[in-house]
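I opened a fresh notebook page for this one and kept my entries short. Have a look at the model first, then follow along with what I looked up.

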Amino acid sequence: KLLNSIVLNMIRVVIIALLASVASGFIAAPLSSPSATSLSSSVTPITNTGNLFPETGKQVWDPLGLMKRLDDKGVAWFRAAELKHGRVAMMANLGWLAQVNHFHFGGDISPSTSTSFESIANASPFDAIGMIPDAGFYQILFVIGAVEGYQEMIQPHYTLPGGSIGDLGAARCNPEALPRMQAVEVKNGRLAMLGMASYIAAATIPGSVPNIPSFFIPH
């Protein structure tokens, strides 16, 4: 029974993570390969190379060699996926820290079931997912799915020239500052994805992540 509960909660986490890949950040278009056509008419996509990426030798970070095997549309799709998952991971980092350190709103998340925010905050991140009432869980899925569905219907699609995966004002910022903002988002997104993997590993396999601060671990 306990195993089934853990599996169900993990499935819920995966579903939320997959549906939560919504576009909402600084980069107004998918990153393009050096030979690809610009994918935004208002903001020039970052090339993922050059002085802003010294940690990858100023070259495109492509350990799987996707850019050599895919056309421009395929490259745009994978880069959009990286940005979306990086954005979700950055939000997930904040959520994880709030959960493991027991931050919470006052009152009940569900008055009908007498489930309080405090009771959820006192649970582990994995158990907390299972404590959300089904109606609330489906509301979360509906909102996330609606936003993602809307994003997918915007024309031109983000994998096509002129397409966009979200813009919270990047097109209106200082053009000289935009490349750095784009690079910062890419790097922080990658770090956030690694961070979430580390938190989960440390929480499920004690000692698997050496020297991780205690405020990252459920307690």
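**Surface patch.** I started on the outside of this predicted model. There I found L70, W77 and F78 forming a nonpolar patch, with about 280 Å² of accessible area together. I placed L70 in the loop between α2 (66–69) and α3 (72–100). Is L70 buried, exposed or in between? My lookup gave a relative accessible area of 31% for L70, so I noted this residue as partly exposed.

**Overall layout.** Next I listed the secondary structure and got seven helices and two strands. Reading from the N terminus, I wrote down the order α-α-α-β-β-α-α-α-α. Of the 219 residues, 37% are buried. I also looked up the accessible surface of the whole protein, which comes to about 12600 Å². Carbon and sulfur atoms hold 66% of that surface. For contacts with a separation of 6 or more, I found that 67% join residues 24 or more positions apart.

**Cores.** Then I went inside. I reminded myself that nonpolar side chains tend to be buried together in soluble globular proteins. Which residues make up the largest nonpolar core? I wrote down seven: F53, A80, L83, Y158, I165, A183 and V186. Helices α3 and α7 (178–204) each supply at least two residues of this core. Apart from it I found another core of six residues, including W96, F126, Y199 and F216.

**N93.** I stopped at this asparagine, which sits in helix α3. Its relative accessibility is 13%, so I counted N93 as buried, the cut-off being under 20%. What does the side chain of N93 reach at 2.7 Å? I found the backbone oxygen of A89 there. A polar atom of the N93 side chain also lies 3.2 Å from the backbone oxygen of A192. Setting aside neighbours within four places in sequence, I noted contacts of N93 with A192, M196 and Y199.

**Salt bridges.** How many salt bridges does a search of the whole structure find? I got five, and I followed up several pairs.

- The side chains of E55 and K187 meet in a salt bridge at 3.3 Å, N to O. E55 is in the loop between α1 (2–19) and α2, while K187 is in helix α7, so this pair ties together parts that are 132 residues apart in sequence. I found E55 partly exposed at 48% relative accessible area, and K187 partly exposed at 29%.
- K84 and E152 form a salt bridge, with their closest N and O atoms 3.4 Å apart. This pair links helix α3, where K84 sits, to helix α6 (residues 134–153), where E152 sits, 68 residues apart. I noted K84 as buried, with a relative accessible area of 4%, whereas E152 is partly exposed at 29%.
- E185 and R87 form a salt bridge too, with their closest N and O atoms 2.6 Å apart. E185 is in helix α7 and R87 in helix α3, so I logged a link between distant parts of the chain, 98 residues apart. Both E185 and R87 are buried.

My last check was for salt bridges that share partners, and these join K84, E148 and E152 into one network.

How values were computed: Residues numbered from 1 in each chain as written. Predicted model: local features only at pLDDT ≥ 70, side-chain atom pairs only at ≥ 80, totals over all residues. Heavy atoms only, no water. Patch = residues over 30% accessible without salt bridge, like charges linked within 9 Å, V, L, I, M, F, W, Y side chains within 5 Å. Areas by Shrake-Rupley, 256 points an atom, 1.4 Å probe, with all protein chains shown as cover. Salt bridge = Lys/Arg side-chain N within 4 Å of Asp/Glu carboxyl O. Helix = DSSP H or I, 4+ residues; strand = E, 2+ residues; numbered from the N terminus. Buried < 20%, exposed > 50% of the residue type's maximum accessible area, 1.4 Å probe, protein only. Contact = heavy atoms within 4.5 Å. Polar contact = N/O pair within 3.5 Å; in protein donor to acceptor, adjacent residues only side chain to side chain. Core = buried A, V, L, I, M, F, W, Y, C linked by side-chain atoms within 4.5 Å.
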